[in-house]
Amino acid sequence: MSRLKDVFAKKEKNVLNVYCTAGFPQVNSTLPVMEALQESGADIIELGMPYSDPLADGEVIQNSSTIALQGGMTLSLLFEQLKPMRERIHVPVVLMGYMNPVLQYGFEKFCADAAAVGVDGLILPDLPPFEFETTYKTIVEQYGLSFIFLVTPETSEARVRKLDALSSGFLYAVSSSSTTGNEKEFSAVEQYLERLKNYGLNNPILVGFGIKDQDTFSRACNYANGAIIGSAYIKALEGQPDLAAATRHFIKKVLG
Amino acid sequence: MQVSYKQPDEQGYYGEFGGAYIPEMLYPNVEELRENYLNIIADPAFQKEYQLLLKDYAGRPTPLYWAARLSEKYGTHVYLKREDLCHTGAHKVNNTIGQILVAERLGKKRIIAETGAGQHGVATATVCALKGLECIVYMGEKDIERQAPNVARMKMLGATVVPAKSGSKTLKDATNEAIRDWINNPNDTFYIIGSVVGPHPYPDMVARFQSVISKEIRTQLAEKIGTELPRAVIACVGGGSNAAGTFYHFLDEPSVGIYAVEAAGCGIDTHMSAAATQLGKPGILHGSKSFLMQTADGQVEEPYSISAGLDYPGIGPMHAHLFVTGRGTFLNATDQEALDAAFELAKLEGIIPALESAHALAALNKVSFAKDDHVVVCLSGRGDKDMETYMKAMGAGA
């Protein structure tokens, strides 16, 4: 069974997916941060590939990407860093990033290298379903990778079903129409999550954007299989000398 | 299947370039526009209002001026399409009038825009004032400093100017911030993009609104010289909206040469340049696939040009297609060549051009035309906003 399927088979509720930026806060901190997340109780790790122009992200993640890029992070270096990953990390790892760096690396080479180091899935928010279906789907499948699409409160039922059919691993439900790290009233999205739940989709649902603490995490989990934390964790790492301690402290606050 | 250089296929592709590479958060906005823009534009009531505003508000048709002394100097017939005489001082208003009418018909109440030199910001602030709509303009912090008169104009017109502080603090980053604003405000907000960039249908929609430039050139040439078709049309390309408009009705006329002039900045090989076709490769930025200046690792490079309006790391997908198919000839002009061309036009013809347009004029030094040729250069904007840069150049002994 794939690692992603395994997580949801073992745990129907309260799946915690935490986002970290590769090469942040230090260029060599990628694996240590992932280890700290795993030890602190993260069920899935979403590893961000830094990009100069991350449209779907807010200031916090863009700044972490800028720091990583200034530190010399590249996709080649990342795959080099991830070579020993599966000796140390047993939770599923999903790479998140934007199309342009992936295209320059070579889409197929990217999938091959990701699969070789033990990556489980991909999130490329600016790759739309049309391009995925016509050009990239077979390559992703050939290397046994999951591909995860985003849905939002504005996504129609028909489109949610289409994106669900194209996704594997899980479906990423953006909690509100916003960039990451945006604070909006969370209760406004509970109705939307209820609606998604009632569709009876193929994939488990993880809620992302605006999840930052125990309250928002548990509220998201009332309606979905779990949630994704990004900006709040990146903020918690900023300026911390002991990344493992900062991670433990942060995750403990979320999980209670 | 694409049947013409003018228009993309159904998915928004000009050959291999274009498309709509957007996160799902933007899908409803872009889809709403894609489903409606052609019908809205085709509606006779829309056309009536648009044409009337172009005529009585923007001041169209703009003159096609036979530049006698410039013609003498270059030994060919040089015509200037005087977009600098449009209301707000540049061609940008052709597009913002069109888009504000589309926004109105889609029931949008809040308008956002990005701007580099400030010309598009001013044109957007202007039409928002005209229609009584809220206007927020994103502008790179660096551009806010170097285009102070346009910032003041936007504020006077009632717009809120928001500095983009990320990345290179120029047009690329202003565009990122505007897109983020749109993601965060999906229902009531319309994004007026100022160039032929962005996800489909923006490149096509903007090109259609700017195509009035080449439509008028054809009519005016017929009146002046008895034929609608010049030997060549020349325009500067940052994102490429004035170029798209200047080329549009000539793209499927093989006898007309298409010349696009990019900003070489300090020189192509100096790492201080914005010539995307020369320095870039195919890539994805701001929602479409086109030519993009980027590192080997696919990070977007920070462009440079003395002209804020050309300081953009990519070009529109239509232009990328013209470049790879060879339908368009892509030239570039350095900061100095553009300055020289601007001073030359001022002295020979009594017209102070925008720095962007000066790049197009610089092409006259790079291509030889025959004595009997008729060559049209798009004078996309006027130089008032660039006086500080021109004064510095004069101080340096120009």
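This briefing describes how two chains meet and how some of their helices pack. The model is a predicted one. In it, 40 residues of chain A are in contact with 35 residues of chain B. Within the chains, the topics are three helix pairs, two cis peptide bonds and a residue with a positive phi.

**The interface between chain A and chain B**

- The size of an interface is often given as the accessible area lost when the parts come together.
- For chain A and chain B, the buried area is about 2,900 Å² between them, and 51% of it lies on carbon and sulfur atoms.
- On the chain A side, the residues that lose the most area to chain B are Asp53(A), Leu55(A) and Gln104(A), which together account for 22% of what that side buries.

**Salt bridges**

- Over all chains, a search of the whole structure finds 38 salt bridges.
- Across the interface of chain A and chain B, the rule finds 2 salt bridges.
- Lys172(B) forms a salt bridge with Asp53(A), and the closest N and O atoms of this pair are 2.9 Å apart.
- This pair crosses between chains: Lys172(B) belongs to helix 8 (residues 171-184) of chain B, while Asp53(A) sits in the loop between strand 2 (44-48) and helix 3 (59-70) of chain A.
- Asp53(A) thus appears twice in this account, as a partner of Lys172(B) in a salt bridge and among the residues of chain A that lose the most area to chain B.
- Arg159(A) forms a salt bridge with Glu24(B), with the closest N and O atoms 2.8 Å apart.

**Helix packing in chain A**

- Helix 4 (residues 75-82) and helix 7 (residues 107-117) of chain A have axes that come within 9 Å and cross at roughly 20°.
- Helix 4 of chain A and helix 7 of chain A are therefore roughly parallel to each other, an angle under 35 degrees being counted in that way.
- The crossing of helix 4 of chain A past helix 7 of chain A is left-handed.
- From helix 4 of chain A, Leu75(A), Phe79(A) and Leu82(A) meet Phe110(A), Asp113(A), Ala114(A) and Val117(A) of helix 7 of chain A.
- By class, this contact of helix 4 with helix 7 of chain A has 6 nonpolar, no polar and 1 charged residues.
- Helix 10 (residues 190-198) and helix 11 (residues 214-223) of chain A pack at an angle of about 35°, and their axes are 8 Å apart.
- Helix 10 of chain A contributes Glu190(A), Leu193(A), Glu194(A) and Lys197(A) to this contact, and helix 11 of chain A contributes Arg219(A), Asn222(A) and Tyr223(A).
- The contact of helix 10 with helix 11 of chain A has 2 nonpolar, 1 polar and 4 charged residues.

**Helix packing in chain B**

- Helix 1 (residues 27-42) of chain B packs with helix 9 of chain B at an angle of about 20°, their axes being 11 Å apart.
- That angle makes helix 1 of chain B roughly parallel to helix 9 of chain B.
- Helix 1 of chain B passes helix 9 of chain B in a left-handed crossing.
- The contact involves Leu33(B), Tyr37(B), Leu38(B) and Ile41(B) of helix 1, together with Tyr202(B), Asp204(B), Met205(B), Arg208(B) and Phe209(B) of helix 9 of chain B.
- These residues of helix 1 and helix 9 of chain B divide into 7 nonpolar, no polar and 2 charged.

**Backbone features in loops**

- The peptide bond from Phe24(A) to Pro25(A) is cis, with omega near 0°.
- Pro25(A) lies in the loop between strand 1 (15-21) and helix 2 (30-40) of chain A.
- His200(B) and Pro201(B) are joined by a cis peptide bond, with omega about 15°.
- Pro201(B) is located in the loop between strand 8 (189-192) and helix 9 (202-210) of chain B.
- His271(B) is not a glycine, yet it has a positive phi of about 60°.
- The loop that holds His271(B) runs between strand 10 (257-265) and helix 12 (276-279) of chain B.

Key:
Residues are numbered from 1 along each chain as its sequence is written. Chains are lettered from A and ligands numbered from 1 in the order in which they are written. This is a predicted model: local features need pLDDT of at least 70, side-chain atom pairs count only at pLDDT 80 or more; totals for chains, interfaces and linings use all residues. Side-chain values use heavy atoms; hydrogens and water are left out. Axes are lines fitted to C-alpha atoms, for helices over the stretch in contact, and angles run from 0 to 180 degrees between N-to-C directions. Helices (H or I, at least four residues) and strands (E, at least two) are DSSP runs, numbered from the N terminus. Angles under 35 degrees count as roughly parallel, over 145 as roughly antiparallel, 65 to 115 as roughly perpendicular and the rest as oblique. A crossing is left-handed if the near helix is turned anticlockwise from the far one by less than a right angle, and right-handed if clockwise. Contact means heavy atoms within 4.5 Å. Ala, Val, Leu, Ile, Met, Phe, Trp, Tyr, Cys and Pro count as nonpolar, Asp, Glu, Lys and Arg as charged, and the others, Gly among them, as polar. Buried area is the accessible area (1.4 Å probe) that two parts lose on being put together, summed over both. A salt bridge is a side-chain nitrogen of Lys or Arg within 4 Å of a carboxyl oxygen of Asp or Glu.
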